[in-house]
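Student: I would like to go through this structure by question and answer. Please show it to me.

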Amino acid sequence: MSISIRPPWNTTHRTPRMPDPGVCVLALDRVSVEIGDRRILSDVTLDVRAGEVLSLVGPNGAGKSTLLNAITGDVPLSGGDVSLFGRPLAAWDAAELAMRRSVLLQSVDVTFPFNVESIVRMGRSPWEGTAGEADDDMIVDSAMRMTEVTPLAGRVYTSLSGGERGRAAFSRVLAQSAPVLLLDEPTAAMDIRHQEMLMRIGREYAAAGCAVVVIVHALDAAAAWSDRVALLERGRLRAIGTPEEVFTSTMLSDVYQCEIEVLPHPDGGLIILPKRPAVTRNVYGYRRVREDER
């Protein structure tokens, strides 16, 4: 009599392998999206490679969030194709997609009184029944430490401030352990220290061989932390390249319809700021007279 012994994990889903540096993990080919009679995206073509941070930037209404939703398959395409690890999105089942790319939306709605640790642990659900499930506790603890939410572990998620919720939600995304991170304005509600922390973690995640796509409104942060930036304007890809190639005063002033200065930082990188007039201060309601006006 022969006995068949099955492994203690689920073998029906194809688990991912860490991609080699520089490999294209995500590709968009002439992607277009229409909602009603309005075209939101038009013929966007770009690729994302393992080991890089790609920031999506552009004015409000440029199509950044729609582009991210097209990448995740959450909006139907009116044209073009999206592929993940060389396969169309439809070639992966839901669990296989979740093991390959994790998504952080602008807002995470939670109606039940889950505590923070439970929220973070939800990121491990795609790995249930696989060999990776054995690492759940270690990965959850590590993700919470990295995002400084360990002291909040027992707090009810809905009791947190906006910035604390953002860090908890980001911790869940990290716990998912997917080689592709898709982040929609992750720093929006955070103070400056935690904004920098999140971008640094994204940078480290990419340096470990993964790919990070992040929507960023702060151009200086995109310039500081990104390998490449994709500048969107009215649903089209205006430019893509390194921050130094894309973030020029002429380009940004034209796209944002606001005069923007781009200066080299003494330690490297770029300083990006709108051109502002000199302001005469009113102190306690009284106008201060500048020396040149005396």
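The turns below cover a sheet, a pair of helices and a glycine.

Tutor: This is a predicted model, in which local features need pLDDT of at least 70, side-chain atom pairs count only at pLDDT 80 or more, and totals for chains, interfaces and linings use all residues. Residues are numbered from 1 along each chain as its sequence is written, and side-chain values use heavy atoms, with hydrogens and water left out.

Student: Which strands are the edge strands of the open sheet?

Tutor: Strands are DSSP runs of E, at least two residues, and helices are runs of H or I, at least four, numbered from the N terminus. Two strands pair if DSSP finds at least two bridges between them. The open sheet has 4 strands in the order E2-E1-E4-E5, paired antiparallel. Pairing on one side only marks the edge strands, E2 (38-49) and E5 (87-88).

Student: Is H5 roughly parallel or roughly antiparallel to H6?

Tutor: Axes are lines fitted to C-alpha atoms, for helices over the stretch in contact, and angles run from 0 to 180 degrees between N-to-C directions. The axes of H5 (residues 162-175) and H6 (residues 192-207) come within 12 Å and cross at roughly 10°. Angles under 35 degrees count as roughly parallel and over 145 as roughly antiparallel. Therefore H5 is roughly parallel to H6.

Student: Is glycine 63 buried or exposed?

Tutor: Glycine 63 sits in the loop between strand E3 (53-57) and H1. Buried means under 20% relative accessible area, exposed over 50%, partly exposed in between (1.4 Å probe, protein chains only). Because its relative accessibility is 8%, glycine 63 counts as buried.

Methods: Angles under 35 degrees count as roughly parallel, over 145 as roughly antiparallel, 65 to 115 as roughly perpendicular and the rest as oblique.
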